[in-house]
Amino acid sequence: MSTAGGEDSSSSSRKGKEKEGENRREEGAEWVGEVDLGELYGAAAGWVEARTSCPHLGSLPPADAADLERVPPPDSPCSRCHHPAENWLCLICKDVLCSRFVNKHMLCHYQESGHCLALSFSLVFRM
């Protein structure tokens, strides 16, 4: 079907969508075809993103050398179910518990204790 200007309406529709897609693209975003990689990776997709600062850091108790001795090694299993992978270290009490992708023991620990700072031991092995 042609428009008044002699242009095919499907061609006109495609151009409109292309222009619409260009308007959606944010400067600095990484795109592959029509997919914004920021929507596939990161917090928008449910991933945990590392932070360089956090308002909860003030809730950490003061640490001394004895506290550092209590930090378990990164290959420690979950203290409740003994699962060997996807474990987190609670930075308040130094307990090691499994992730929400295993048995959710760290999530339960947060809900029970209010301890809101944890370090993923999974990331330690990737570095």
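Begin with the whole protein chain, which exposes about 9500 Å², of which carbon and sulfur atoms supply 54%; accessible areas here come from the Shrake-Rupley method with a 1.4 Å probe, and for residues only the protein chains shown count as cover. The model is a predicted one, so that local features need pLDDT of at least 70 and side-chain atom pairs count only at pLDDT 80 or more, while totals for chains, interfaces and linings use all residues. Residues are numbered from 1 along each chain as its sequence is written, and side-chain values use heavy atoms, with hydrogens and water left out.

**The whole chain**

Colour the model by secondary structure, and five helices and five strands appear in the protein chain, where helices (H or I, at least four residues) and strands (E, at least two) are DSSP runs numbered from the N terminus. Followed along the sequence, these elements give the pattern α-β-β-α-α-β-β-α-β-α. Of the 127 residues, 20% count as buried, a word that stands for under 20% relative accessible area, with exposed meaning over 50% and partly exposed in between (1.4 Å probe, protein chains only). Among contacts between residues at least 6 apart in sequence, 40% join residues at least 24 apart, a contact being heavy atoms within 4.5 Å.

**The three-stranded sheet**

Select S3, S4 and S5 next: the three strands form an open sheet in the order S4-S3-S5, with antiparallel pairing, and two strands are taken to pair if DSSP finds at least two bridges between them. Strand S4 (96–98) and strand S5 (118–120) stand at the edges with a single partner strand each, so one side of each is left without a neighbour in the sheet. From one strand to the next, the twist averages 35°, with axes being lines fitted to C-alpha atoms (for helices over the stretch in contact) and angles running from 0 to 180 degrees between N-to-C directions.

Now restrict the view to strand S3 (residues 87–90), which pairs with S5 over three bridges in the antiparallel sense; S3 and S4 also pair in the antiparallel sense over three bridges. On the S4 side, Asn-87 has Cys-98 as its bridge partner, while towards S5 Cys-90 is bridged to Ala-118 and Leu-89 stands opposite Leu-119. S3 is covered on both faces, with Asn-87 and Leu-89 buried on one side and Trp-88 and Cys-90 buried on the other.

**Leu-89 and the hairpin**

Stay on S3 and pick out Leu-89, which is buried, with a relative accessible area of 3%. Leaving out residues up to four places away in sequence, Leu-89 touches a list of residues including Val-71, Pro-72, Val-96, Met-106 and Phe-121. A C-alpha to C-alpha distance drawn from Leu-89 to Pro-72 should read 8.2 Å, for a pair 17 residues apart in sequence.

Moving on into the turn, S3 and S4 form a hairpin with five residues between them, and Lys-94 in that turn has a positive phi of about 70°. Leu-91 lies in the loop between S3 and S4, where its relative accessibility of 27% makes it partly exposed. Beyond four places in sequence, Leu-91 touches Leu-60, Leu-117, Ala-118 and Leu-119.

**Helix H4 and the core**

Add helix H4 (residues 105–113), which lies across S3, S4 and S5 and runs at about 120° to S4. His-105 has its place in this helix and is buried at a relative accessible area of 16%. Setting aside neighbours within four places in sequence, the contacts of His-105 are Cys-78, Arg-80, Cys-81, Leu-97, Cys-98 and Ser-99.

Show side chains for Cys-78, Trp-88, Cys-90, Leu-97, Cys-98 and Met-106, the six residues of the largest nonpolar core. S3 and S4 each supply at least two residues of this core; such a core is a set of buried Ala, Val, Leu, Ile, Met, Phe, Trp, Tyr and Cys residues joined through side-chain atoms within 4.5 Å.

**The cysteine sulfurs**

Finish with the cysteines, for which the count comes to zero disulfides, a disulfide being a pair of cysteine sulfur atoms within 2.5 Å. Cys-98 is buried at 0% relative accessibility, and its sulfur is 3.8 Å from the closest cysteine sulfur, in Cys-78, which is too far for a bond. Cys-108 is partly exposed at 26%, and its sulfur lies 8.3 Å from the closest cysteine sulfur, that of Cys-98, again too far for a bond.
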